[in-house]
Amino acid sequence: MTDTVDSATRSQNMSRIRSKNTKPELLVRKYLFSSGFRYCLNDRKLPGRPDIVLRKYKAVIFVHGCFWHHHQGCRLAYSPRSRTGFWQKKFSGNVSRDEKVKQALLEIDWRVLVIWECATRSKKCLDYFAEVESWIKSSSSYSEISASDEL
Ligand SMILES: [Zn+2]
């Protein structure tokens with residue numbers, strides 16, 4: 001019985017990994033829109049179907065959940081204590097896929113920004129969003145924004 005519940009919960013959780021319109025993503029979109037940026041969502045033609053695509057700036061933004069994308073050193077990126085082998089494999093798969101997607105985008109001259117969930121949850125999120133805005137307008141080819149310096 002326990003097993004059934006566990007695997008049901010697990011597949012529900014698993015289906016969430018590529019889910020769109022997560023709360024952190026919506027917060028970022030709302031901020032960008034109100035700052036006057038216009039963007040496309042989940043462009044299928046680009047590697048990794050980036051969450052947010054700003055063509056005018058040749059820039060894409062990924063909003064990464066800290067747990068699923070295993071944000072290094074982040075308190076939201078805990079490792080479950082049971083089935084550690086399963087989770088380690090899962091996390092390392094996600095991290096290496098993220099890295100491949102990033103390289104593929106940089107190779108075709110797109111700029112890439114990763115916004116970690118912890119930044120969107122922080123009390124200082126408006127500061128982080130301002131960093132997002134200046135990155136978009138910059139010429140930086142890759143950057144990450146997170147709240148890890150607060151932890
Ligand atoms: Zn984080």
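## A tour from the central strands outward

Start by selecting His-64 and Trp-116: within strand S4, Trp-116 is the bridge partner of His-64. Strands here are DSSP runs of E with at least two residues, helices are runs of H or I with at least four, and both are numbered from the N terminus. You are looking at a predicted model, in which local features need pLDDT of at least 70 and side-chain atom pairs count only at pLDDT 80 or more, while totals for chains, interfaces and linings use all residues. For your selections, residues are numbered from 1 along each chain as its sequence is written, and side-chain values use heavy atoms, leaving out hydrogens and water.

**Stop 1: the sheet**

Now show all the strands. They form an open sheet of five, ordered S1-S2-S3-S4-S5, with mixed pairing; two strands count as paired if DSSP finds at least two bridges between them. The edges are S1 (40-41) and S5 (142-145), each with a single partner strand, so one side of each has no neighbour in the sheet.

Next, colour S2 (residues 52-54) and S3. These two run antiparallel and are joined by three bridges. Ile-52 is bridged to Ile-61 of S3, and Leu-54 to Ala-59 of S3. S2 and S3 make a hairpin with four residues between them, and Lys-58 in the turn has a positive phi of about 45°. On to S4: S3 pairs with S4 in the parallel sense, over six bridges.

**Stop 2: strand S3**

Is S3 enclosed or open to the outside? All of it is buried, six of the six residues, so S3 is largely enclosed by the rest of the structure. Buried means under 20% relative accessible area, exposed means over 50%, and partly exposed is in between (1.4 Å probe, protein chains only). In a regular strand the side chains alternate between the two faces of the sheet. Select Ala-59, Ile-61 and Val-63 for one covered side of S3, then Val-60, Phe-62 and His-64 for the other.

Add the helices. H2 (residues 23-34) lies across S1, S2, S3 and S4 (111-116), at about 145° to S3. H3 also packs on the sheet, touching S3, S4 and S5, and its direction makes about 170° with that of S3. Axes are lines fitted to C-alpha atoms, for helices over the stretch in contact, and angles run from 0 to 180 degrees between N-to-C directions.

**Stop 3: the nonpolar core**

Select Leu-32, Val-60, Ile-61, Leu-105, Val-132 and Ile-136. Of the 35 residues in the largest nonpolar core, these touch the most other members. Such a core is a set of buried Ala, Val, Leu, Ile, Met, Phe, Trp, Tyr and Cys residues joined through side-chain atoms within 4.5 Å. H5 gives the most to this core, with six residues.

Zoom in on Ile-61. Beyond its neighbours within four places in sequence, its contacts (heavy atoms within 4.5 Å) include Leu-32, Leu-113, Val-132 and Ile-136.

**Stop 4: His-69 and Glu-117**

Select His-69, in the loop between S3 (59-64) and H3 (84-107). His-69 is buried, at 6% relative accessible area. What does the side chain of His-69 join in a polar contact? It meets the side chain of Asp-98 at 2.6 Å. A polar contact is a pair of N or O atoms within 3.5 Å; within protein, one must be able to donate a hydrogen and the other to accept it, and residues adjacent in sequence count only if both atoms are side-chain atoms. His-69 also touches His-64, Val-95 and Trp-116. In the same loop, select His-70: its phi is positive, near 50°, and it is partly exposed at 21%.

Move to Glu-117 in helix H4. Glu-117 counts as buried at 11% relative accessibility, and its side chain makes a polar contact of 2.8 Å with that of Arg-121. Among the residues Glu-117 touches are Pro-24, His-64, Cys-66 and Leu-76.

**Last stop: confidence**

Finish by colouring by pLDDT, the predictor's confidence in each residue, from 0 to 100. The protein chain averages 89, and 86% of the residues score at least 70. Over residues 1-5 the pLDDT is below 50, and this stretch has zero contacts in the model beyond near neighbours in sequence. Residues 12-16 are also below 50, with four such contacts. Where pLDDT is low, the predicted coordinates should not be read in detail.
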